[in-house]
Amino acid sequence: MKIHEFQAKQLLKKYGVPIQDGFTIDSIDDAQAAIDKVSQEFSTDQFVIKAQIHAGGRGKGGGVKFSSSKEKALENSRNILGMQLITHQTSPEGQLVRKIMVAEALDIEKEFYVAITLDRSVGQNVVMVSTEGGVEIEEVAAHSPEKIIKEWINPAFGLRPFQARNLAYALGFEGDLFKQAVSFFLNLYKCYVDTDASIAEVNPLVITKQGKLVALDGKFNFDDNALYRHKDIVAMRDLDEEDPTEVEAGKSHLNYIKLDGNVGCMVNGAGLAMGTMDIIQLKGGQPANFLDVGGGANVETVKNGFKIILSDKNVKAVLINIFGGIVRCDRVANGIIQAVSELHLTVPVVVRLEGTNAILAKELLETSGVSIIAAGSLADAAEKVVAAATKGA
Amino acid sequence: MSILVDKNSKIIVQGITGSEGSFHAEQCLAYGGNVVGGVTPGKGGQMAIDGKVPVFNSCKEAREKVGANVSLIFVPPAFAADAIMESAAAGIELIVCITEGIPVNDMVEVYAYLKTTKSRLIGPNCPGLLTPDEAKVGIMPGFIAKKGTVGVISKSGTLTYEAVHQLCQEGLGQSTCVGIGGDPIIGTKMIDLLDLFEADPETNAIVMIGEIGGSMEIEAAHHIKKHIKKPVIGFIAGQTAPPGRRMGHAGAIVSGADESAKAKMKIMRECGLHVVDSPADIGKTVKAQLSK
């Protein structure tokens with residue numbers, strides 16, 4: 001689960017991590033009041049107006065604007081709130097900006113990169129820092145990995161003070177800044193582990209001209225499997241930032257991701273679902289979606305699956321590929337028959353059922369009278385659905 | 001021969017009195033596996049699976065009373081990490097955790113703890129293991145497999161079934177099939193199983209099925225180049241998956257590696273694996289390699 005920058009900053013603040021502060025609004029009517037409040041509370045006449053969307057690359061897309069006066073801040077607020085912000089992480093149409101953060105502007109001396117995430121290959125969380133803060137950090141990782149300094153964390157002991165000191169030394173901090181950095185790293189880790197975050201990234205961490213260490217931005221991802229023990233984190237979920245069809249699919253316990261092709265697919269298991277998409281492409285088609293119906297492929301899931309796939313108007317044919325292990329294919333077949341007849345489908349449906357009771361399932365489909373194209377092997381199924389989609393297009 | 005489990009494995013099922021646990025314990029027993037007990041705290045002394053299997057209060061008790069050396073876990077996600085640690089503490093050699101949805105930080109702790117023990121964990125969030133005609137420790141449908149000489153290692157569940165089905169269509173049986181799970185932290189990685197299959201005299205070829213994400217397949221490919229003499233047939237699911245809609249940069253920076261299917265397949269080919277582009281070609285490619 002993702003959250004906005006302003007929510008990440010609220011969390012960091014709670015854990016004693018110094019942040020670039022401000023107020024977040026969702027109506028332009030509140031902009032003037034927010035600007036006045038920031039001016040008063042943080043004794044500044046310079047502001048940064050920051051679009052609050054989940055995707056990154058906001059600055060480059062024009063969603064973050066420095067404002068040298070209250071008037072400019074109001075003007076930038078008007079321009080950003082309600083804009084369709086396009087970045088490399090949004091869809092080509094961009095994301096509607098529904099909230100903006102009116103933040104204090106800071107005099108920045110130097111920028112750094114700090115993040116905590118899981119290192120899968122080690123099986124431990126790792127704190128990573130670099131003097132090369134800013135947007136090009138991935139380039140740094142690819143070409144000069146030695147410029148990224150890492151400290152792995154033993155879960156039994158947490159991030160130790162000596163490790164935080166090592167990170168602070170690596171960034172070249174001295175004196176009071178060194179002390180600030182050590183407590184910054186320790187508090188950031190505490191926030192990360194307490195909330196079951198999967199990513200906590202501060203990019204950039206800055207030193208201000210006044211000698212203060214401040215998180216200028218904050219990005220958090222949370223482990224979905226751990227949300228059951230974090231009601232306060234769940235409360236921060238913003239459904240406006242998520243794809244409505246995917247949200248709908250989630251309600252039916254279906255894992256759906258929309259793609260750009262015209263061949264819809266419904267499969268049990270994520271690996272087989274991806275494999276099915278791959279073979280559709282190899283046979284000359286383009287998958288319209290990823291859809292994993294999971295272990296319980298019954299009438300309801302098949303019906304909901306069809307509804308979701310067909311809400312995408314590009315879909316010209318649908319492939320159902322179920323490998324029944326515990327799932328019985330005859331039950332799936334009955335689900336398909338019922339769903340196809342009740343939903344009055346107009347697109348061709350290719351069905352491949354393999355595994356437990358597959359022969360019985362095939363007989364059921366053949367005698368049902370519903371219009372279904374039966375397929376044998378995985379390759380056969382892919383060829384048939386691609387042909388059907390091409391014909392229907 | 002086989003790896004990890006055979007007809008002599010003494011299997012216990014943690015969570016045997018739950019609906020999943022009892023259903024699959026019965027299936028494992030029906031397959032001919034040696035299910036010697038179950039564990040549900042507070043229900044020790046009862047009998048499960050139509051009175052066929054004794055229930056114990058703890059793994060320690062099951063270890064002492066029936067000499068269990070394999071544990072199969074169906075405990076809900078919030079309690080699964082504790083269940084894994086309990087069986088490791090009891091000295092159970094092989095722990096197979098089917099449970100899906102365990103928090104990552106719980107697994108970080110489990111992973112660190114297991115290093116202090118001699119236990120091996122398969123999974124979590126996996127279909128388990130199957131040694132055809134001998135033992136099924138997990139949820140793989142037993143009837144699709146048959147005894148033979150191909151070892152199967154896979155991150156995925158149903159895609160494993162697909163591969164096993166294709167092998168049987170080509171007349172090829174399996175020595176052992178292992179679903180290792182696709183979670184960020186898993187107990188046993190591809191490399192560990194490659195070594196076991198290489199050392200198993202009755203395994204002649206290995207199928208390795210991966211997915212996008214992580215760098216485990218790349219590590220395995222380099223290992224194969226150096227240490228594995230048997231032919232390895234590989235597939236990576238997710239060639240058409242959209243590039244991760246990830247946030248920030250941390251995911252890419254931590255490994256520094258390209259985790260796309262295309263990049264993995266390229267490295268696997270360079271390391272001498274027989275990589276198939278289509279998941280429908282797994283069976284026939286193994287056949288071709290073994291006919292050489």
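**Entry 1. A salt bridge in chain B**

I began with D281(B), which is partly exposed, with a relative accessible area of 26%. The model is predicted, and I read every value below with that in mind. I then looked for the partner of D281(B) and found a salt bridge with K284(B), where the closest N and O atoms are 3.4 Å apart. K284(B) has 48% relative accessibility, so I noted K284(B) as partly exposed.

I also listed a network in chain A, in which E5(A), K9(A), K50(A), R58(A), D217(A) and K219(A) are joined by salt bridges that share partners.

**Entry 2. Another pair in chain B**

I looked up R269(B) next and found a salt bridge to D277(B), with 3.2 Å between the closest N and O atoms. R269(B) is partly exposed at a relative accessible area of 39%. D277(B) comes out at 36% relative accessibility and is partly exposed too. For the whole structure, over all chains, I noted 29 salt bridges.

**Entry 3. R229(A)**

Which residue of chain A forms a salt bridge with D196(A)? I found R229(A), with the closest N and O atoms 2.8 Å apart. The pair links distant parts of the chain, 33 residues apart. D196(A) sits in the loop between α6 (175-194) and β10 (197-208) of chain A, while R229(A) sits in the loop between β12 (219-222) and α7 (231-234) of chain A.

Is D196(A) buried or exposed? D196(A) has a relative accessible area of 5%, so I entered D196(A) as buried. R229(A) is partly exposed, at 34% relative accessibility.

R229(A) turned up again when I went across to chain B. D106(B) forms a salt bridge with R229(A), and the closest N and O atoms are 2.9 Å apart. I therefore have R229(A) in a salt bridge with D196(A) and in one with D106(B).

**Entry 4. The contact between the chains**

I counted the salt bridges between chain B and chain A and got two. Residue pairs in polar contact between chain B and chain A, both at pLDDT 80 or more, number eleven.

Which elements give two or more residues to the side of chain B that touches chain A? I noted α1 (19-30), α4 (104-114), α5 (158-169), β13 (232-237) and α8 (250-255) of chain B. The element that gives the most is α4(B), with seven residues. By residue class, this side of chain B divides into 29 nonpolar, 15 polar and ten charged residues.

For the extent of the contact, I noted 54 residues from chain B and 63 residues from chain A. The two chains bury about 4,700 Å² between them, and 61% of that is on carbon and sulfur atoms.

**Entry 5. The sheet in chain B**

I traced an open sheet of seven strands in chain B, in the order β9-β8-β11-β10-β12-β13-β14, with mixed pairing. β9 and β14 (274-275) of chain B stand at the edges with a single partner strand each, so one side of each has no neighbour in the sheet.

I then took strand β8 (residues 128-131) of chain B, which is covered on both faces. G128(B) and L130(B) lie on one side, L129(B) and T131(B) on the other, and all are buried.

β8(B) pairs with strand β9 (residues 135-138) of chain B in the antiparallel sense, over four bridges. I looked up bridge partners in β9(B): T131(B) has A135(B), and L129(B) has V137(B). The hairpin of these strands has three residues between them, and there D133(B) takes a positive phi near 70 degrees.

β8(B) also runs antiparallel to strand β11 (residues 174-179) of chain B, with three bridges joining them. In β11(B), I found C177(B) as the bridge partner of L130(B).

**Entry 6. Two helix residues in chain A**

I placed S39(A) in helix α2 (residues 31-41) of chain A. S39(A) has 12% relative accessibility, so I entered S39(A) as buried. Leaving out residues up to four places away in sequence, S39(A) touches T44(A), D45(A), F47(A) and K70(A).

My last look-up was E383(A), in helix α13 (residues 378-392) of chain A. E383(A) is partly exposed, at 42% relative accessibility. G285(A) is 98 residues from E383(A) along the chain, and I noted a separation of 8.8 Å between their C-alpha atoms.

Note on methods:
Residues numbered from 1 in each chain as written. Chains lettered and ligands numbered in written order. Predicted model: local features only at pLDDT ≥ 70, side-chain atom pairs only at ≥ 80, totals over all residues. Heavy atoms only, no water. Contact = heavy atoms within 4.5 Å. Buried area = accessible area lost by both parts, 1.4 Å probe. Salt bridge = Lys/Arg side-chain N within 4 Å of Asp/Glu carboxyl O. Polar contact = N/O pair within 3.5 Å; in protein donor to acceptor, adjacent residues only side chain to side chain. Nonpolar A, V, L, I, M, F, W, Y, C, P; charged D, E, K, R; others polar. Buried < 20%, exposed > 50% of the residue type's maximum accessible area, 1.4 Å probe, protein only. Pairing = 2+ DSSP bridges.
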